[in-house]
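Student: Please take a close look at one part of this model for me. I would like the protein surface beside one DNA strand.

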Protein chains: 2
Amino acid sequence: MARSTLSTAELRRPTVAAAAVRAFARGGYHGTTIADVAREAKISPAYVIKLFPTKEKLFTAALEACFDQILAALEAGADTASSISPDEVLDAMADAYAALITDRTLLLLQVHAQSVAEIPEIGAAFRAGLERIVTYAKDRSRGTDEAVQRFIAFGQLCHLLVAANVQEVPGPWARLLTAGMRHL
Amino acid sequence: MARSTLSTAELRRPTVAAAAVRAFARGGYHGTTIADVAREAKISPAYVIKLFPTKEKLFTAALEACFDQILAALEAGADTASSISPDEVLDAMADAYAALITDRTLLLLQVHAQSVAEIPEIGAAFRAGLERIVTYAKDRSRGTDEAVQRFIAFGQLCHLLVAANVQEVPGPWARLLTAGMRHL
DNA sequence: CGAACCAGTGAGTGTACGTTCACTCATATG
DNA sequence: CATATGAGTGAACGTACACTCACTGGTTCG
């Protein structure tokens with residue numbers, strides 16, 4: 001058994017990053033330990049930090065994996081649009097995003113990342129991911145700046161609703177906020 | 001000198017809560033220690049937790065103080081509206097909010113709260129504050145549900161831009177997102 | 001065979017944190 | 001003066017965490 005089946009460190013890194021996505025999505029950066037990630041990845045803590053030398057690098061790796069998945073979903077969604085009208089393309093991407101975050105993992109990781117964006121390395125990775133999303137949405141939809149801005153703004157509203165569990169709560173204010181949102 | 005000048009615990013609590021707002025806004029829930037809050041309030045850590053028996057209660061107290069200030073700003077802003085047209089009232093409230101969060105303290109505290117809303121006590125306090133904002137915006141502006149929803153969505157976009165420091169960054173994507181935003 | 005290498009780990013180290021507790025000191029009142 | 005009350009603290013306790021390091025066992029190749 002050579003390279004092809006034996007898991008070298010290089011091959012292992014993405015699976016550990018995927019485990020980090022799940023673990024950090026639960027507890028956020030400060031609320032998640034390297035041991036938590038190790039448990040999720042089914043390896044020892046020591047090996048986690050051999051693969052990603054600091055906790056910050058581990059988190060940014062998770063964040064990049066998160067944005068990779070989001071971009072892929074947006075691309076796939078855009079392909080299903082019934083016309084090339086900008087609004088319809090953006091709408092198809094929104095549908096795809098809503099479907100992607102049915103399990104809240106990727107959404108929560110972004111929320112947590114936003115809250116530790118003051119850490120330089122993490123802030124940079126977060127902005128890089130945001131840039132990818134915004135420029136892709138703009139280029140692919142060929143919509144106006146306003147339409148793309150609205151696309152992001154309502155995405156953020158969606159993050160708020162899910163993070164705060166507004167859907168599970170009664171009251172007219174909650175229904176006002178969730179009206180028309182597709183992430184259920 | 002009796003009650004009026006001597007600082008009793010009851011009188012001290014709000015000033016400690018205000019210190020907690022500042023401290024937690026910097027580091028978030030998990031990234032801020034009780035000693036940080038104590039330093040900010042210029043008292044000992046032990047006395048902080050005598051005033052607020054657990055870290056969670058301390059954080060929710062800070063969060064409530066934060067929403068108090070936001071509501072007050074929205075009310076004051078609505079009073080300055082040049083007409084009673086719903087859109088103009090909402091616009092005046094948005095201006096007032098933008099002015100309030102010129103220093104990023106209250107904004108960042110909300111972002112951090114959103115990311116630890118899974119902690120039941122904190123999630124409940126966060127939803128309570130959100131409910132106050134939404135119902136006030138709706139009742140005072142007498143706008144449509146859609147207008148109020150948009151008001152909140154673009155508020156969340158504003159939080160994203162500030163938390164991630166998008167204003168300080170070059171690139172067309174950043175300018176697209178910040179276009180028309182007033183929080184500078 | 002043996003030497004070099006690499007995936008992966010167990011056990012530790014130093015530090016920092018939330019919370020507790022016994023205490024001090026100032027004031028207030030009888 | 002004596003006693004009580006409550007503001008405020010110093011020092012400790014137990015735990016938990018990021019990160020280190022010396023090590024094991026398997027594989028590769030001369």
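Tutor: Here is the surface around DNA strand D, from its make-up to single contacts. This is a predicted model, in which local features need pLDDT of at least 70, side-chain atom pairs count only at pLDDT 80 or more, and totals for chains, interfaces and linings use all residues. Residues are numbered from 1 along each chain as its sequence is written, chains are lettered from A and ligands numbered from 1 in the order in which they are written, and side-chain values use heavy atoms, with hydrogens and water left out.

DNA strand D is surrounded by 16 residues. A residue is near the strand if one of its heavy atoms lies within 4 Å of it. The closest are A:T33, A:I34, A:K55, B:S44 and B:Y47. By type, the surface divides into 8 nonpolar, 5 polar and 3 charged residues. Here Ala, Val, Leu, Ile, Met, Phe, Trp, Tyr, Cys and Pro count as nonpolar, Asp, Glu, Lys and Arg as charged, and the others, Gly among them, as polar.

Now the strand's side. Of its atoms within 4 Å of the protein, 69% belong to sugar or phosphate; the rest belong to bases. Two side chains place a polar atom by a phosphate oxygen of DNA strand D: A:K55 at 2.7 Å and B:Y47 at 2.9 Å. B:K50 faces a base instead: an N or O atom of its side chain is 3.2 Å from a base oxygen.

Elements giving two or more residues to this surface are α3 (45–51) of chain A, plus α1 (9–27) and α3 (45–51) of chain B. Helices are DSSP runs (H or I, at least four residues), numbered from the N terminus. The largest share, 3 residues, comes from α3(B).

Terms used: A polar contact is a pair of N or O atoms within 3.5 Å; within protein, one must be able to donate a hydrogen and the other to accept it, and residues adjacent in sequence count only if both atoms are side-chain atoms.
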